[in-house]
Amino acid sequence: MLKRKLLTLFLGSLVSISLIASWFVFADGEELIAFFGMALTIGLVAIPAIVLYGIPVSFLSDKITKSFSNYQRIGWSLVIHVFFGISFVFIAGLLFETKMLLTDFSRFWQYYEFIFIASVFTAICFWIVDQGIKYCRLIKNTN
């Protein structure tokens, strides 16, 4: 399972960072070459967050859903990943911006709305990649 999670970390990070960087580049009307700098910048923040937060969430999801039927496991795994993706910005807010989060939520949301969207998007990408790897291994083992 550890090898699958490391592969998921690599592929999920690559996919989500690439898509987020692409969105920034095209939304800002930048040249295509700006993608690499944007992806590097996003990756410097996203990869440590995924390693410290996303990987444990994925292990937790597997542990919680291991006794479920296949379709229940897939659905509940998505719910768990999205829930923790949504929770990320608020947990980070409590750790780093407690006063703003608790006293001026509209300002907090204005600053951190994109991180909220990116964390949910990354959680979904991570879930898709993890489920895809599980499915590929299932097919490989049945042949």
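**Close-up views of a five-helix chain**

The structure holds six salt bridges, a salt bridge being a side-chain nitrogen of Lys or Arg within 4 Å of a carboxyl oxygen of Asp or Glu. Please keep in mind that this is a predicted model, in which local features need pLDDT of at least 70 and side-chain atom pairs count only at pLDDT 80 or more, while totals for chains, interfaces and linings use all residues. Residues are numbered from 1 along each chain as its sequence is written, and side-chain values use heavy atoms, with hydrogens and water left out.

**View 1. The whole chain, to get your bearings.** The chain has five helices and zero strands, and from the N terminus on its elements run α-α-α-α-α. Helices here are DSSP runs (H or I, at least four residues) and strands are runs of E (at least two), numbered from the N terminus. Along the principal axes, the C-alpha atoms fill a box of roughly 50 × 40 × 20 Å. Buried residues make up 36% of the 143 residues; buried means under 20% relative accessible area, exposed means over 50%, and partly exposed lies in between (1.4 Å probe, protein chains only). The accessible surface comes to about 9200 Å², and 74% of that belongs to carbon and sulfur atoms. Such areas come from the Shrake-Rupley method with a 1.4 Å probe, and for residues only the protein chains shown count as cover. Among contacts (heavy atoms within 4.5 Å) between residues at least 6 apart in sequence, 65% join residues at least 24 apart.

**View 2. Charges across the chain.** There are 11 positive and 8 negative side chains, and the centres of the two sets lie 22 Å apart. For this count, Lys and Arg are positive and Asp and Glu are negative, with His and the chain ends not counted. The place of each charge is taken as NZ of Lys, CZ of Arg, CG of Asp or CD of Glu.

**View 3. Lys-5 and its two acidic partners, Asp-62 and Asp-130.** Side chains of opposite charge can pair when their charged atoms come close. Asp-62 and Lys-5 meet in a salt bridge at 2.8 Å, N to O. This pair links distant parts of the chain, with Asp-62 in helix α2 and Lys-5 in helix α1 (residues 2-27), 57 residues apart. Lys-5 also forms a salt bridge with Asp-130, where the closest N and O atoms are 2.9 Å apart. That second pair joins Lys-5 in helix α1 to Asp-130 in helix α5 (residues 105-142), 125 residues apart. Are these residues buried or exposed? Asp-62 has a relative accessibility of 10%, so it counts as buried. Lys-5, at 1%, counts as buried too, and so does Asp-130.

**View 4. Arg-4 and the salt-bridge network.** Arg-4, Lys-5, Asp-62, Asp-130 and Lys-134 are linked in a network of salt bridges. Arg-4 lies in helix α1 and counts as buried because its relative accessibility is 10%. Leaving aside residues up to four places away in sequence, Arg-4 touches Asp-62, Asp-130, Ile-133, Lys-134 and Arg-137.

**View 5. The Arg-107 and Asp-104 pair.** Here the side chains of Arg-107 and Asp-104 meet in a salt bridge at 3.7 Å, N to O. Arg-107 has a relative accessible area of 38%, so it is partly exposed. Asp-104, at 26% relative accessibility, also counts as partly exposed.

**View 6. Val-89 and its neighbours.** Val-89 sits in helix α3 and, with 2% relative accessibility, counts as buried. Which residues does Val-89 touch, not counting those up to four places away in sequence? They are Phe-108, Tyr-112, Ile-115 and Phe-116. Val-89 and Ile-115 are 26 residues apart in sequence, while their C-alpha atoms are 6.6 Å apart in space.

**View 7. Gln-131 in helix α5.** Gln-131 counts as buried because its relative accessibility is 10%. Its contacts, not counting residues up to four places away in sequence, are Arg-73, Ile-74 and Ser-77.

**View 8. A nonpolar patch on the surface.** Leu-60, Ile-64, Phe-68, Trp-76 and Val-79 make a nonpolar surface patch of about 440 Å². The elements giving two or more residues to this patch are α2 (34-65) and α3 (70-96). Patches are made of residues with over 30% relative accessible area and no salt bridge; like charges are joined within 9 Å, and nonpolar side chains (Val, Leu, Ile, Met, Phe, Trp, Tyr) within 5 Å. Trp-76 lies in helix α3 and is partly exposed, with a relative accessible area of 47%.
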